[in-house]
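Reader: I would like a close look at a single part of this model, taken slowly and set against the rest of the chain. Please give the cut-offs behind each term as you go.

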Amino acid sequence: MFEVRSEDYGELQRLVDALFAPGVSARAAVSKIDILVRADAFDLNDDLIEVIELLPSGSFTRTRLCDQINSILSGHGWGSYYGTVE
């Protein structure tokens, strides 16, 4: 089956990787504000900004952030178009 991918495919993974550098503790957390600021700096497209804006308030470990983002992507049917995160 042929899958269409956005030019922005993988941008959310790049964002997550920037928020959680290699070697950072699995318990490290970032706030939604930190995520929004970094997303703005990455100049994400409107759909991807919407994904970030739909995150609940609070702080996120990498695992929780990925779960939340993937859930939002799945709900919009955008997982294969923009790529999921890990």
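Author: Buried residues make up 34% of the 86 residues in the protein, where buried means under 20% relative accessible area, exposed means over 50%, and partly exposed covers what lies in between, with a 1.4 Å probe and protein chains only. This is a predicted model, in which local features need pLDDT of at least 70 and side-chain atom pairs count only at pLDDT 80 or more, while totals for chains, interfaces and linings use all residues. Residues are numbered from 1 along each chain as its sequence is written, and side-chain values use heavy atoms, with hydrogens and water left out.

The frame comes before the part. The protein has five helices and two strands, which follow one another from the N terminus as α-β-α-α-β-α-α; helices (H or I, at least four residues) and strands (E, at least two) are DSSP runs, numbered from the N terminus. The radius of gyration, taken over C-alpha atoms, is 12 Å, which agrees with the value near 12 Å that a compact globule of 86 residues would have; the globule rule is 2.2 Å times the number of residues to the power 0.38. Along the principal axes, the C-alpha trace spans about 40 × 25 × 20 Å. Of the contacts between residues at least 6 apart in sequence, 64% join residues at least 24 apart, contact meaning heavy atoms within 4.5 Å.

The part I have chosen is helix 2, residues 32-41, whose buried residues are Lys32, Ile35 and Ala39. Seen down the helix axis, these buried residues fall within an arc of 60°, so they line one face of helix 2; the arc is that of the directions from the helix axis to the C-beta atoms. The general background is that an α-helix has 3.6 residues a turn, so residues three or four places apart point the same way. On the other side of helix 2, Ile33, Val37, Asp40 and Ala41 are exposed.

As for the cover over the buried residues of helix 2, it includes helix 1 (11-19), strand 1 (30-31), helix 3 (46-53), strand 2 (59-60) and helix 4 (62-76). Two of these partners deserve a word of their own. In helix 1, the buried residues are Glu11, Leu12, Gln13, Leu15, Val16 and Leu19, and they pack against strand 1, helix 2, helix 3 and helix 4. Gln13 counts as buried at 17% relative accessibility, and, residues up to four places away in sequence not being counted, Gln13 touches Arg62, Thr84, Val85 and Glu86. In helix 3 one finds Val51, which counts as buried at 0% relative accessibility. Leaving aside neighbours within four places in sequence, Val51 is in contact with Leu12, Ile69, Ile72, Leu73 and Trp78.

Helix 2 is followed by Asp43, a residue in the loop between helix 2 and helix 3. Asp43 is not a glycine, and yet its phi is positive, at about 55°. As a general matter, most residues other than glycine have a negative phi. Asp43 is also exposed, with a relative accessible area of 66%.
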